[in-house]
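Visitor: I would like to go through this model with you and ask how each label is earned. Please keep the answers short.

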Amino acid sequence: MSDKTNLYGLTYQELEDLMVSLGYKKYSGRQIFQWMYQKKVFDFGQMTNLSKKLRAELEENYSIALPRVLQAKVSEDQTVKYLFELFDGSLIEAVKIPDDPRLTLCMSSQVGCPLGCKFCKTAQIGFKRNLEVGEILSQLALVQMMLKPEERITNLVFMGMGEPFLNYDNVKAAIETIMSVLAFGIGHSKITLSTAGHVPGIYRMTDDGLKVRLAVSLNSADPEVRRRLMPITKKYSLDELRKALIYHTSQAGRRVTFEYLLISGITDTIASAKKLVKFVDGIPCKINLINYNPSEGLPGEFKPSNENDLFKFRDYLYPRTPAVTVRASKGIDIKAACGQLAAKHQ
Ligand code: SF4
């Protein structure tokens with residue numbers, strides 16, 4: 001990368017401040033913001049509404065640089081997994097998931113992840129670093145630039161590599177740019193932050209009034225089992241998580257989504273379902289059941305739930321809980337589950 005300062009990732013406010021500090025009008029910041037994020041023009045020379053003097057100054061000292069798309073793997077079900085190479089050589093992933101009429105992009109917030117969930121390939125990479133704002137936005141911008149003319153990303157989920165609440169400031173800044181009508185223009189109700197149960201993050205997001213949706217990767221409502229599957233439970237207990245979610249739903253006025261992985265004999269028993277019903281009682285929510293997707297290198301004792309157990313589990317939950325869906329695993333043939341592609345390349 002060159003010595004020039006990369007502007008990609010700067011917020012609206014930061015671009016305005018930069019223009020003022022260089023002696024230009026504030027509105028030039030707004031113009032650059034629109035060129036970069038809305039029009040996807042990365043060449044200052046083509047930013048025709050900026051003065052020639054400003055364009056020349058930008059070309060001399062600044063750049064607009066995005067990571068490189070290293071691979072795009074298309075699955076039989078049209079799920080596409082993208083592998084990006086960042087400027088320091090780190091690899092991250094994003095997954096485009098068609099689910100007519102929606103087209104969802106699952107994005108990463110960190111390089112690797114420090115939380116060590118036992119069913120997750122990203123956990124095996126370990127934690128390298130947080131993503132910069134520009135690296136988060138680039139995933140969306142680069143995928144949008146590769147879409148077919150009739151395609152449009154309608155929904156975003158921060159469910160890829162990393163725990164978004166451990167990189168809260170950058171994720172929040174990226175979301176604000178994503179929501180801006182002068183940039184990506186994706187509304188708050190179409191964006192979901194998924195947490196492994198980072199309790200302070202839930203309070204922070206709620207108190208900040210960050211309006212996006214919240215999902216919790218729960219996977220077990222049994223303290224013992226969850227501690228084993230998701231070590232973050234040792235730091236933030238299920239009781240604390242429950243309290244935070246009651247606070248969030250009452251303040252935000254939106255329900256949360258629980259993601260629940262069905263692992264045969266471990267999380268898919270009727271005893272587990274009973275605990276889950278008790279845990280979600282009083283929390284406005286929807287439960288997404290996802291059958292476990294086995295992968296090389298993950299514990300051999302983890303097996304997907306068989307169809308019979310899966311439906312028994314679902315039928316126990318509903319109507320005892322308000323809404324239950326069984327989510328189809330997408331992109332199995334291209335290893336679309338979190339971290340699988342990057343793990344293979346590291
Ligand atoms: S499941 Fe999510 S939070 Fe857990 S280790 Fe993987 S990336 Fe991190």
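Visitor: How do you know that the length of α5 fits a helix?
Guide: This is a predicted model, and the check uses its C-alpha atoms. α5 has 14 residues, and at 1.5 Å a residue 20 Å is expected. From first C-alpha to last, α5 reaches 21 Å, close to that value.

Visitor: Which residues of α5 are called buried?
Guide: V133, G134, E135, I136, L137, S138, Q139, L140 and V143. The label takes 20 or more other C-beta atoms within 10 Å of a residue's own.

Visitor: How does the span of α2 compare with what it should be?
Guide: α2 covers residues 27–38, 12 in number, so it should span 16 Å. Its end C-alpha atoms are 16 Å apart, which agrees. K40 follows α2, with a positive phi near 55°.

Visitor: What covers the buried residues of α2?
Guide: The cover includes α1, α3, α5 and α6. Beneath it are S28, G29, I32, F33, W35, M36 and Y37, the buried residues of α2.

Visitor: Why is β11 described as largely enclosed?
Guide: Because four of its five residues, 213–217, are buried.

Visitor: What makes β10 and β11 a pair?
Guide: Pairing needs at least two bridges. Four join β10 to β11, and the two run parallel. L193 stands opposite L214 in β11. From β10 the chain crosses through helix α7 to β11, a right-handed β-α-β crossover.

Visitor: What joins β11 to β12?
Guide: Three bridges, and these strands also run parallel. V216 has F258 in β12 as its bridge partner.

Technical notes. Residues numbered from 1 in each chain as written. Predicted model: local features only at pLDDT ≥ 70, side-chain atom pairs only at ≥ 80, totals over all residues. Expected span 1.5 Å × (residues − 1). Buried ≥ 20, exposed ≤ 12 C-beta atoms within 10 Å, placed from the backbone. Contact = placed C-beta atoms within 7 Å. Right-handed = clockwise from strand over helix to strand, strands pointing away.
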